[in-house]
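Here is a short briefing to read alongside your sequence and structure. Please have both open as you go.

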Amino acid sequence: MGACGSRQDVPRNGQPVRHMSVEEHLKRKPAKSALRKVGGRTVAGEGPPLVILDFDLTLTSMHCGKGSPPNPRKTGVGPIFNVPDGRLQSLRALLHDLKHKAGCKVFVMTYNSFSYVDECLRAADLKGFITGVVSCPSANKGTQILQLCNKYTPSRLVFADDDMRNLDDVSEAVCNAMLLHVTGGQGLQPLQMEWLYYAAIGDWERCDRLSSPK
């Protein structure tokens with residue numbers, strides 16, 4: 001992990017592991033000033049919060065990128081998004097709140113093809129909450145996210161992925177990023193979704209509470 005980002009790991013039981021105190025979160029909170037640079041990297045601006053979600057095993061509850069990906073028109077969206085049962089409804093609620101309550105720009109960043117991810121999002125009635133899909137089959141996600149930051153100058157950046165290598169790349173590329181490591185092999189689960197929302201709105205106290213061991 002690079003020195004810039006703040007990471008939260010969520011193990012199989014869905015309980016985030018605490019890595020930073022509230023005070024440390026606040027120290028890394030972006031300033032409400034014009035666009036700033038640290039070491040040539042974008043830190044924060046005054047645009048809407050930017051939430052970027054990996055597709056496989058973050059937004060989805062299964063891996064879709066190897067072999068023959070499941071066709072939502074044939075299998076339905078259940079196997080792709082709804083494991084365990086009820087997860088898809090929670091996911092819709094999260095994305096709705098991120099867009100309509102928190103005012104976030106929400107992107108899906110994937111190594112899969114744009115057309116496949118777009119089709120899955122439409123079939124699951126998630127497309128309306130998504131600002132855009134970024135397909136980067138051979139690119140560094142940190143580099144791609146930095147480009148989005150330069151375009152939208154977000155006040156906060158939250159990134160969730162199941163692959164630590166991608167989290168490390170984003171940590172190196174964008175300071176003040178709030179990073180969620182999605183573990184457990186079934187994508188975002190309720191406590192992780194809750195943490196993600198509070199990170200997006202900058203409620204560091206609730207993030208820290210969720211991230212503290214019970």
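The points below start with the whole chain and then turn to one helix.

This is a predicted model. Its chain combines 10 helices with eight strands, and helix α5 makes a good stop for a closer look at residues 87-101.

**The chain as a whole**
- Of the chain's 214 residues, 54% count as buried.
- Taking contacts between residues at least 6 apart in sequence, 68% of them join residues at least 24 apart.
- The chain exposes about 9,500 Å², and carbon and sulfur atoms supply 50% of that area.

**Helix α5: its span**
- Helix α5 holds 15 residues, and the distance from its first C-alpha to its last is 20 Å.
- That span is close to the 21 Å expected at 1.5 Å a residue.

**Helix α5: its two sides**
- Which residues of α5 are buried? They are Arg-87, Leu-88, Leu-91, Leu-94, Leu-95 and Leu-98.
- These residues lie on the same side of α5 because they cover an arc of only 120° around the axis.
- An α-helix has 3.6 residues a turn, so residues three or four places apart point the same way.
- Gln-89, His-100 and Lys-101 are exposed on the other side of α5.

**Helix α5: its neighbors**
- The buried residues of α5 pack against two strands, β4 (50-54) and β5 (105-110).
- They also pack against the helices α2 (55-59), α4 (78-81) and α9 (190-201).
- Just after α5 comes Gly-103, which takes a positive phi of about 70°.

Note on methods. Residues are numbered from 1 along each chain as its sequence is written. This is a predicted model: local features need pLDDT of at least 70, side-chain atom pairs count only at pLDDT 80 or more; totals for chains, interfaces and linings use all residues. Side-chain values use heavy atoms; hydrogens and water are left out. Helices (H or I, at least four residues) and strands (E, at least two) are DSSP runs, numbered from the N terminus. Buried means under 20% relative accessible area, exposed over 50%, partly exposed in between (1.4 Å probe, protein chains only). Contact means heavy atoms within 4.5 Å. Accessible areas come from the Shrake-Rupley method with a 1.4 Å probe; for residues, only the protein chains shown count as cover. The expected span of a helix is 1.5 Å times one less than its number of residues. The arc is that of the directions from the helix axis to the C-beta atoms.
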